[in-house]
Amino acid sequence: MTGLPPSSPAPRGLHVITWGCQMNVYDSARMSDVLRPLGYQPVETPASADMIILNTCHIRDRAAEKVFSELGRLRKIKEERETTGQQTIIAVAGCVAQAEGQEILARAPYVDIVLGPQTYHRLPEMVARAARAGGAVIETDFPAEQKFDFLPDAAAPQTPGNLTAFLTIQEGCDKFCSFCVVPYTRGAEVSRSVTSVLAEARRMVESGVQEISLLGQNVNAYHGTGPDGDVWGLAKLAYALAAIPGLNRIRYATSHPRDMDDALIAAHRDLPELMPYLHLPVQSGSDKILRAMNRGHTADDYREIVRKLHAVRPDLALSSDFIVGHPGETDEDFEATMQLVRDVTFAQAYSFKYSQRPGTPAAGAPLQVPEDVKDARLQALQALLREQQDAFNQSLVGQTASVLFTSEGRKPGQIAGRTPWLQPVHVAGTPDLIGREVPVRITERLTNSLNGILEEETVYA
């Protein structure tokens, strides 16, 4: 016996491997919360875990094959532990599980649980069923109930001592872009209630969090029920969050141009807590390709949104996503994308070659673009985007920026933080500055970060 009270389960090790987006990071933390009452506690390595969860992402190329490769490694760990009488539960969660559930069980029969993103609130039940049945459990349906209504209160922050945290407020997508699997793996758009979002945000702030990033597949499509019974949009939610004492910074991702309404643009004008940095994917600058992608907006629609944002918040910087080589993309279409980039300018961006996703409309579309053409276009686009990112970072040199310090730097006597525009900044300073937001004069642009010095008034504060 361990000496624990009879009502306390024996401690067990849990190791979660997370791939993909910030929402998967949040989901992994919540799965740990759900399993904690069963005695599961995080451990550093799979070899010491009684349960291993592989939380997967289906967005990148060859995602499923990467999962099966990792499962082969985990199988060896499971078999080695069994030789010493230790049982190991292997669970595959996330979007690959949703899309490839039966295939996972066929190719990796040693997997005990397969669960989609909408079902992890049922994990304790699945663990019990797997133990009773001695076979695999698969849960990849889209349940009628919203999982957030059945989850325990989140442990906040997800990592003790964190000053920043993720908070999922919306899941799923109704947009059905031609290239994207999200509607099929995450389901329809659903939003958490305002009460539950505010309660979790307050718990985070009470534990020391100063910056919260709101997450959703289409986060600005948020439509949660408010305490007044009305449906609240993201703008109204942002005003309520900004009223929480101690919550100094608010971010949100990922947005869709179709849901960037005037109320949300006005919130960027009114709320200093809403950081002047927005990730707003456009994907292409060609109206023909945007139609083929089923994006529901034009390139000029996007330009107009950017104009409105800069009118109310001139210091706002943009990030975006781009896909080159979507079926049917010509040289002229690609040049339209390059022109949009020149017109808008981006502080940061993510760009990818189009890759086929089984079951999506674009996968079987005619006029697939040759790989060598996609490669050349991606290199040209990334060169332009990198030039703009470098120029934006260089524009801060000699300027003063407010930096929230979150950790010690990699070098002795150095501390690290981020500007309102998400750039990493390193300065010479002492650990007592961690947790403070202070003015820093930027002195140097490095490849992926900035160096700076504390303003004189900070030293004597």
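**A parallel sheet and the core around L214**

Reader: In what order do the strands of the open sheet stand?

Author: In this predicted model, the open sheet has 3 strands with parallel pairing, where strands are DSSP runs (E, at least two residues, numbered from the N terminus) and a pair needs at least two DSSP bridges. The edge strands, each pairing on one side only, are β7 (164-168) and β13 (249-253). The order is therefore β7-β10-β13.

Reader: Which residue in β13 stands opposite L214?

Author: Strand β10 (residues 211-215) pairs with β13 in the parallel sense over 5 bridges. Opposite L214 in β13 stands Y252.

Reader: At about what angle to β13 does helix α7 run?

Author: Helices are DSSP runs of H or I with at least four residues, and angles, from 0 to 180 degrees, are taken between N-to-C directions of axes fitted to C-alpha atoms, for helices over the stretch in contact (heavy atoms within 4.5 Å). Helix α7 (residues 234-242) lies across β10 and β13, and its angle to β13 is about 155°.

Reader: Where does the largest nonpolar core lie with respect to domain 1 and domain 2?

Author: A nonpolar core joins buried (under 20% relative accessible area, 1.4 Å probe, protein chains only) Ala, Val, Leu, Ile, Met, Phe, Trp, Tyr and Cys residues through side-chain atoms within 4.5 Å. The largest has 76 residues, of which M51, I113 and L214 touch the most other members. Because domain 1 (12-139) and domain 2 (147-395), with bounds from an automatic or database assignment, both contribute residues, this core lies between them.

Reader: Which numbering and confidence limits apply?

Author: Residues count from 1 along each chain as its sequence is written, and side-chain values use heavy atoms, leaving out hydrogens and water. Totals for chains, interfaces and linings use all residues, whereas local features need pLDDT of at least 70 and side-chain atom pairs count only at pLDDT 80 or more.

Terms used:
Buried means under 20% relative accessible area, exposed over 50%, partly exposed in between (1.4 Å probe, protein chains only).
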